[in-house]
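Here's a quick briefing to read alongside the model. Have a look at the structure first, then we'll go through it topic by topic.

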Amino acid sequence: MEISIISPVYKAEKIIPTLVERIENSVKKFTTDYEIILVEDCGPDNSWQEIEKICASNTKVVGIKLSKNFGQHNAITAGLESATGEWIVVMDCDLQDLPEEIETLYNKAHEGYDIVLARRAQRNDGFLKRISSKMFYSVFSYLTDTKQDSTVANFGIYKREVIDAIKSMKDYYRVFPILVQWVGFNKFYLDVEHASRFEGKSTYTSIKLLRLAFDMIISFSEKPLRLGMKLGLIISSLSILLSIYYLTRYLLGYILVPGYASLSILITFSTGIILTFLGLVGTYIGKISLQVKQRPNYIIKTKRN
């Protein structure tokens, strides 16, 4: 198989026919040896029924239905493990990633690149989403000591060796763009057009995004723990200096009545810091517990073609 195109599907019943048609029109320009893998992440609409209809008349389309909603990145993993192509394209189903760009990505990859990532030079998202995304990736880059680009998401083309390396990683929390950055290989960033949503709105709420961001930081970096240790050392040093200062003033007779306010503030602040980082350590332990259980990232309920 020359190329596999993977798209995780969630609440996209009205988009799927157009998505498949536009992907085929793009891919047929350079090969007839392809497959389109649609992974339905157990959404509340009739997306799976639409996928089944297409699979019944088009053997180039592979339909995978998960047993429950495992999340976008686990759905991508399911697609990766079913793909047989020498080249694999990953793209979202909402048609903001333009299928017409697949040919451009494919041609660029054949110039000698293992990975060609689609960079959204001008994102067609709301102002708040663009700003929050940029802020998050800046913080994430700092906390993980990596370089992350807010204009790059899942859309790109990847050589088989790259996908095999990503599949070999057994992380319980999987975020596809972060795994791509981690494995290395020869990358190229290609500016592409980013479209408005074809239909509906994003299913990522602010709460979901914050939860995903927290899981990403905890799962891919221990730097928050190191920062906590540094903060603890700084507070300890300041408390020693403060103790020396108050002891000196007491011995010189400047302090006749102990200060209740300063003592209560000090205790409250220190206790808050301790509890915060105890909670952080507990979160890391919880993530370790989930990892060592080695539960599957997804379960396939039904497969077509």
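Let's start with a cysteine: C93 has 10% relative accessibility, so it counts as buried, the cut-off being under 20%. Keep in mind that this is a predicted model.

**Cysteines**
- C55 is in the buried class too, because its relative accessibility is just 4%.
- As for disulfides, the structure has 0 of them.

**Nonpolar cores**
- The largest nonpolar core has 34 residues, and the ones touching the most other members are I3, L38, I102 and I157.
- Helix 1 (residues 16-27) supplies the largest share of this core, with 5 residues.
- A separate core of 27 residues sits apart from that one, and V62, I64, I115 and V180 are among its members.
- Once you skip neighbours within four places in sequence, the contacts of I3 include V27, F30, Y34, W87, V89 and Y106.
- I3 also contacts I102 and I157, both of which are on the list of residues touching the most other core members.

**Helix 7**
- This helix (residues 176-183) is largely enclosed by the rest of the structure, because 6 of its 8 residues are buried.
- Those buried residues are F176, P177, I178, L179, V180 and V183; V180 also turns up in the core of 27 residues.
- Right after helix 7 comes G184, with a positive phi of about 85°.

**Surface patch**
- Out on the surface, I234, L238, I240, L241 and I244 make up a nonpolar patch, together offering about 510 Å² of accessible area.
- One of these, I244, belongs to helix 9 (residues 223-251).

Conventions
Residues numbered from 1 in each chain as written. Predicted model: local features only at pLDDT ≥ 70, side-chain atom pairs only at ≥ 80, totals over all residues. Heavy atoms only, no water. Patch = residues over 30% accessible without salt bridge, like charges linked within 9 Å, V, L, I, M, F, W, Y side chains within 5 Å. Areas by Shrake-Rupley, 256 points an atom, 1.4 Å probe, with all protein chains shown as cover. Salt bridge = Lys/Arg side-chain N within 4 Å of Asp/Glu carboxyl O. Helix = DSSP H or I, 4+ residues; strand = E, 2+ residues; numbered from the N terminus. Buried < 20%, exposed > 50% of the residue type's maximum accessible area, 1.4 Å probe, protein only. Disulfide = S-S within 2.5 Å. Core = buried A, V, L, I, M, F, W, Y, C linked by side-chain atoms within 4.5 Å. Contact = heavy atoms within 4.5 Å.
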